[in-house]
Structure formats: C-alpha cells, structure tokens
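This report describes one protein chain from its predicted model. The sequence and structure come first, followed by notes on selected elements and residues.

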Amino acid sequence: MFKRPLSEETRNAIILVIVVVVTPILFYFLNNFFNSGTSAIPEAKEKEKTVIVSEAEKADILTKATAKPVTQTVRDAMSQGDYSTAHLQLSKVPKDSPEYEELRKQLASEPRARKLPGVRKEAVTSQSPLRYLDESTPHDRFSDGIYLYLVEISGSVWPKFCIQSVGKRPLDITGFRIKADGKTFTIPALDIKSERSPAKVAEYYDAPVDQQSYDAMRALIKARKASLAYIGRSGERVREITDNEKKGFGRMMDAYAALGGNFAFIRH
C-alpha cells in the first residue's frame with residue numbers, strides 16, 4: 001500500500017516549524033562556543049595569577065612560622081651559656097623596646113656574659129656603620145694585619161676582608177700571596193688605599209669577601225704555618241701570619257653565623 005505524498009502546503013508548514021525550533025538552539029550553541037573561546041586565555045591567565053600569589057603567600061607564611069624571634073634566640077643562647085651569640089643577637093633587638101632592656105639587664109647580671117668573648121663593636125663616628133672586629137684586629141691602619149670583620153648596614157651584616165701593611169716607604173702594592181701549609185692563594189689588589197703619619201706609610205686592601213679571600217681564610221683557620229707576601233711595584237715583603245690572626249678568622253666566622261649570616265652568596 002502506498003502512502004499519499006504530502007502536499008506542498010504541508011511540506012512548507014513542516015519546514016517552517018523545524019526552522020523556528022532549530023534556529024534558537026543553533027544560536028545558543030554558537031554563542032556559547034564563541035564566548036568560551038574568547039574567555040579561555042584570560043581565564044587561564046587569571047588562574048595562573050591566583051596560583052602564583054598563593055604560592056608566594058604560602059612561602060611567606062612558612063618563613064614567618066619557622067623564623068625564630070630575635071629575642072627568643074637571645075634567651076636560648078643565654079640558657080645554653082652561649083653568651084657570644086646572645087650579645088651579638090641582642091644588637092639586633094630595637095634599643096627602645098622593653099625586651100631589649102630586659103635582656104640587657106639579664107646579660108649584665110651574669111658575670112660570664114659581661115664581656116663579648118673575642119669580638120669588639122665600634123663605629124668610627126656616630127654616622128658610621130657599626131663594625132664587629134676580632135680582639136686581635138689592629139685599632140688603626142698603622143699596623144700590619146690580615147683579618148675578617150663585619151659591617152652592619154640597614155640591619156644586615158656583611159663580611160669584609162682586610163689586609164694592612166705599614167712601613168717607612170710605600171710598596172705600591174699590587175697584590176698579595178698567602179701560603180697556608182701547602183696551599184697558595186694569590187689575591188690581586190685592585191683598590192689600595194693609603195694613610196700617612198710623620199714616620200710611616202700605611203697601605204691597606206679592604207673589600208667584600210669573595211671566592212678567593214673566602215678560600216684563603218678557610219685554609220688559614222686550619223693551617224699550622226702560614227705566611228703573607230705583600231707584592232708591590234717597589235719591592236716585596238713577607239711576614240708570618242700569627243696564630244692570633246688565624247684564630248681571629250675562626251672567631252669572626254662564628255660571630256657572622258651568630259648574627260644570622262652565611263657565605264651562601266659565594267659560588268663554589
């Protein structure tokens with residue numbers, strides 16, 4: 001049995017119904033497709049920014065949670081009898097705070113803590129940065145010396161390496177040669193300063209610690225015998241590095257660690 005074909009009027013009616021129903025659906029999907037495509041990149045960027053901020057906040061929270069307050073470090077050092085660390089850390093506590101006065105009195109009441117062992121603090125003028133020097137370090141430029149000292153700038157402590165030479169005439173120093181047991185270290189003197197007195201001339205090299213000076217200091221701490229050669233345009237002079245100077249490097253490295261410093265900035 002054959003069905004009668006639809007009339008043209010019926011077919012047109014069916015097509016119109018399909019168009020009316022399908023067109024809104026098609027526009028809906030096209031609109032979603034284009035909107036999702038244009039917003040994908042900003043959304044991804046926004047998500048990326050959120051992750052970065054979140055990680056930074058986590059790192060900051062972790063640092064604050066694990067960092068021990070300076071006052072607690074002072075108390076811990078005192079309880080362990082480590083008065084050198086206690087003195088050095090106390091210098092980082094604000095002097096106008098009640099904690100500073102309390103800890104200062106506690107240290108002053110302890111006979112063994114009245115003197116900072118092996119280290120002295122000084123500033124050349126009231127405007128000069130505070131410096132930490134070993135007890136064996138010369139008090140002026142008119143003495144031979146080789147030493148490590150610390151300078152405090154804006155709350156941070158930095159290590160500096162210094163070599164001094166004194167004589168009746170300048171050597172016009174261009175470098176130094178350090179021997180520590182079987183090891184030899186050559187340090188070029190890129191910047192030499194000088195001072196004069198009526199009878200003497202002082203020349204000195206004063207620079208931030210670098211790889212060469214750091215390696216030399218580490219070797220000197222362990223050396224049984226060590227010497228220092230001052231190499232100049234007008235001659236060369238050699239002297240023995242004293243036991244006090246060698247021990248001074250060890251004391252100042254300990255002091256630097258007690259103040260929270262480390263030599264991680266030096267590439268090995």
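## Helix 6 and its end

Helix 6 is followed by G260, whose phi is positive, near 90 degrees. Helices (H or I, at least four residues) and strands (E, at least two) are DSSP runs, numbered from the N terminus. This is a predicted model, in which local features need pLDDT of at least 70 and side-chain atom pairs count only at pLDDT 80 or more, while totals for chains, interfaces and linings use all residues. Residues are numbered from 1 along each chain as its sequence is written, and side-chain values use heavy atoms, with hydrogens and water left out.

Helix 6 covers residues 243-258, and its end C-alpha atoms are 23 Å apart. The expected span is 1.5 Å times one less than the number of residues; for the 16 residues of helix 6 that gives 22 Å, which agrees. Buried residues of helix 6 include F249, M252, M253 and Y256, where buried means under 20% relative accessible area, exposed over 50% and partly exposed in between (1.4 Å probe, protein chains only).

## E245

E245 is found in helix 6 and is buried, with a relative accessible area of 10%. A polar atom of the E245 side chain lies 3.0 Å from the backbone nitrogen of T242. Contact means heavy atoms within 4.5 Å. Neighbours within four places in sequence aside, E245 is in contact with S136, D144, G145, I146, R239 and E240.

## Strand 9 and its partners

Strand 9 (residues 226-232) is largely enclosed by the rest of the structure, because five of its seven residues are buried. Two strands pair if DSSP finds at least two bridges between them. Strand 5 (residues 173-180) runs antiparallel to strand 9, and seven bridges join them; A180 stands opposite A226 here.

Strand 9 also pairs with strand 10 (residues 235-240), in the antiparallel sense and over six bridges. In this pairing S227 stands opposite E240, a residue that is also among the contacts of E245. The hairpin that joins strand 9 to strand 10 passes through two residues.

## Strands 3, 4 and 8

Nine bridges pair strand 3 with strand 4 in the antiparallel sense, and G145 stands opposite Q164 in strand 4. These strands form a hairpin with two residues between them, and S154 in the turn has a positive phi of about 55 degrees.

Strand 4 is also joined to strand 8 by eight bridges, and the two run antiparallel. One bridge partner in strand 8 is D206, which pairs with C162.

## Nonpolar core

A nonpolar core is a set of buried Ala, Val, Leu, Ile, Met, Phe, Trp, Tyr and Cys residues joined through side-chain atoms within 4.5 Å. The largest one has 37 residues, of which I146, F161 and I178 touch the most other members. Among the elements that each supply at least two residues of this core are strand 6 (183-188), helix 5 (211-222), strand 9 and helix 6. Outside its neighbours within four places in sequence, I178 is in contact with residues including I146, F161, F185, L220 and L228.

## The chain as a whole

The chain has six helices and ten strands. Of its 268 residues, 33% count as buried. Among contacts between residues at least 6 apart in sequence, 56% join residues at least 24 apart. The accessible surface of the chain comes to about 17,800 Å², with 57% belonging to carbon and sulfur atoms. Accessible areas come from the Shrake-Rupley method with a 1.4 Å probe, and for residues only the protein chains shown count as cover.

Methods
A polar contact is a pair of N or O atoms within 3.5 Å; within protein, one must be able to donate a hydrogen and the other to accept it, and residues adjacent in sequence count only if both atoms are side-chain atoms.
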